[in-house]
Amino acid sequence: MLTETDKYNVVQAPPGVEGSGFFATSLDKAVGLARKNSLWPLPFATSCCGIEFMATMASTYDLGRFGAERLSFSPRQADLLMVMGTIAKKMGPILRQVYEQMAEPKWVLSMGACASSGGIFDTYSVLQGIDRIIPVDVYIPGCPPRPEQVIDGILRIQDLVGKESLRRRNTPEYKALLAQYGIE
Amino acid sequence: MNKEIIYTGENKFIDPVTGQEKEFTTLNLGPTHPATHGIFQNILKMDGEVVLDAEPTVGYIHRAFEKIAERRPFYQITVLTDRMNYCSSPINNMGWHMTVEKLLKAEIPKRAEYLRVIIMELSRISDHIICNTVIGVDTGAMTGFLYLFQWRELIYEIFEEICGARLTTNIGRIGGMERDFSEIAWKKIHKFMDEFPDKLREFEKLVTRNRIFMDRTIGCGGISGQNALAYGFTGPNLRAAGIDYDVRVMNPYSSYQDFDFKVPVGTNGDVYDRFMVRGQEMWESLSIIRQAIDKMPKGDFHADLPEFYLPPKEEVYNQMEALIYHFKIVMGENDVPVGEVYHAVEGGNGELGFYLISDGGRTPYRLHFRRPCFIYYQAYPEIIKGGMLSDAVLTMSSMNVIAGELDA
Amino acid sequence: MSNELLTYISEKLKAGIGNGLLKAEMAYDFPVFEIERDSIHLAIKLLKEDPDTDFHFLTTLCGLHYPDNKGKELGLMYQLHNLPKNHRIRLKTFFPVQDPTVPTITDLFPAANWMERQEYDFYGIKFQGHPNLKRILNMDEMNYFPMRKEFPLEDATRTDKDDTMFGR
Ligand code: SF4
């Protein structure tokens, strides 16, 4: 039990109207708060960055502190697609399929130079950035990024998730964005 | 198990035991399966839970290392080698530097070689920690992973102090080290050497004689020594099958002949043996590091190779000669001998070889990497045939197949 | 030591394949033998099965491409190892790019299977008798052999590289 809350960083309730026995706030905020602090990441780790991700998940850095403890290896239950490592052209269609299988709302984090832009591998076999096939929300630079950077990236994603309006995924802008990538 | 299975139709086969026709299922494992620790695809033919046949597909992170290497000057290739076996990048770096030094016929001072040995053995430990704890995770012993990774971080901190990076290290230069170890680095190494043995012992206590672990791993995914040789196994996987081939002993490089260490071997080549061989190797690595620290000679940390070794920055700014060499190195105008060399080091997974052809130009004419994973992973279908599906997963993690090395 | 090995092996090879042995020389610490394509399989077989030489371990094999060597553009390098005696040798064979066929050695070394597939993938060298010769690392749809010297390294789909200011 967290009794001495001042020692820990506990998420505060969103602003709202409080009275004896009730608390009113907007649904957006409450849902955003819940979503933000219980992300289920899908680690799509292909190469070196994946090892650094392992270090992030392990005891010293412990991503679990930010509510992203539960790795979801099934795309259907995941909220956050974390692409870590080089994506070769052979892998591209698979990455896209995984993205399509994820249920809305979904976010994408691209970790490392390779996933973001092809990195040092400007070659015939490497996809020059995953944003050619799927939309990306947050890019983490580095080769590989330090675990602190990964955590920072997750926090940026959390900001996005917390502030997102419930209707965003139904807007024509969002549909147009997906259509750009040819995703239904 | 060793009998050829006869397929009679689209999804039918003849059960070799009963002689009756049966149906098999096709199972697609990967390429993004959580149990595969990387990007491997296997199309399995299953009879119930027994694997009849497997067809691996690789190449999902093919990055064209060999092609890039033909377009990069020698000193820039270190960066590529980092990303090959990323669990133990420094060994790859050193292997590459030694290959070029062999081409140049350079003499490396003892101190540089000893420093290299320390780094290489540290990275061997970090490689084996990953493999062994992941075997633990796959058998349900998550504790070991979470526990030993704390001390693996210490190794990363040492690397960070020495070269500035954690994972993709780029340690060392052609001709030696880029700088000597700092006071802080030595302190960190000593700290690691003091703390790690206890923790490793604790981890071993937790796992090695654990009944569940032993029942799970003994006799699972075994390969005979004969077969292992035929399939080109090297490194811990070959030694687990009972063949004591270690490049460090056979063709000593970087002064390994000065150190006293054992080469652990197994008997059955199964998951347990691989685990034990890797575990023992960590102890041997620790002892090598200790010997290297004790015997550390005084002297220079790099060879006198002005044509290849970047001069210190102060000299570049103040002296003509250093400036010229700096310019020549960076612009790639140095004279490389024509010739071809092969140099092998004992990487985390086995014999990591570099075959370099130089035509005297700025870049290698051809550079071929002998990647141990790529060669031994082709035996995987052979090993898992006739076993359970869950054993197949365990076998893969115990073989320590690193995707970056596999696909180059 | 290595020079003795060189003469020893070249005598063995001469006895076995006669004129198939084109060249024998030392390259740094390695004895290197150049062998005609028609004799390469026999040579490797002899070296493997002769109890005196006993090269039972295939370290690696890789393709080579020398576009300027007319009639010998493509090549293969094999590296064999005798573990107990710690003898290592390298064999090479060359053939024209129009007819890139070599006999496979998968019947001698199962380890050669993927190595040969890789060289097929990179150089388009066709290994006769290989059980499953198809691309291994690249996509099946690829229609050229990327490691040949004439093909570019860079990804052709990139548009952000502007060469006007740099002599790339
Ligand atoms: S960004 Fe760097 S560390 Fe990450 S996958 Fe690419 S090469 Fe590896």
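In this predicted model, the shell around the ligand divides into 6 nonpolar, 6 polar and 1 charged residues. In total, 13 residues surround the ligand, which lies between chains A and B. The elements that give two or more residues to this shell are α2 (48-57) and α4 (112-117), both of chain A. Of these elements, α4(A) supplies the largest share, 3 residues. The closest residues to the ligand are A:C48, A:C49, A:G112, A:C114 and A:C143.

Chain B also contains a set of paired strands. Strand β4 of chain B, residues 25-29, pairs with strand β5 of chain B, residues 41-47, in the antiparallel sense. Strand β5(B) in turn runs antiparallel to strand β6 of chain B, residues 50-57. The two pairings are set out below, each with one pair of facing residues.

| Strand pair | Sense | Bridges | Facing residues |
|---|---|---|---|
| β4(B) and β5(B) | antiparallel | 5 bridges | B:N28 and B:I43 |
| β5(B) and β6(B) | antiparallel | 7 bridges | B:K45 and B:D53 |

Strand β5(B) therefore takes part in both pairings, with β4(B) and with β6(B), under the criterion of at least two bridges between strands. In a regular strand, side chains alternate between the two faces of the sheet.

The connection between β5(B) and β6(B) is a hairpin with 2 residues between the strands. Within this turn, B:G48 has a positive phi of about 65 degrees.

Notes
Residues are numbered from 1 along each chain as its sequence is written. Chains are lettered from A and ligands numbered from 1 in the order in which they are written. This is a predicted model: local features need pLDDT of at least 70, side-chain atom pairs count only at pLDDT 80 or more; totals for chains, interfaces and linings use all residues. A residue is near a molecule or strand if its C-beta atom, placed from the backbone, lies within 6 Å of it. Helices (H or I, at least four residues) and strands (E, at least two) are DSSP runs, numbered from the N terminus. Ala, Val, Leu, Ile, Met, Phe, Trp, Tyr, Cys and Pro count as nonpolar, Asp, Glu, Lys and Arg as charged, and the others, Gly among them, as polar.
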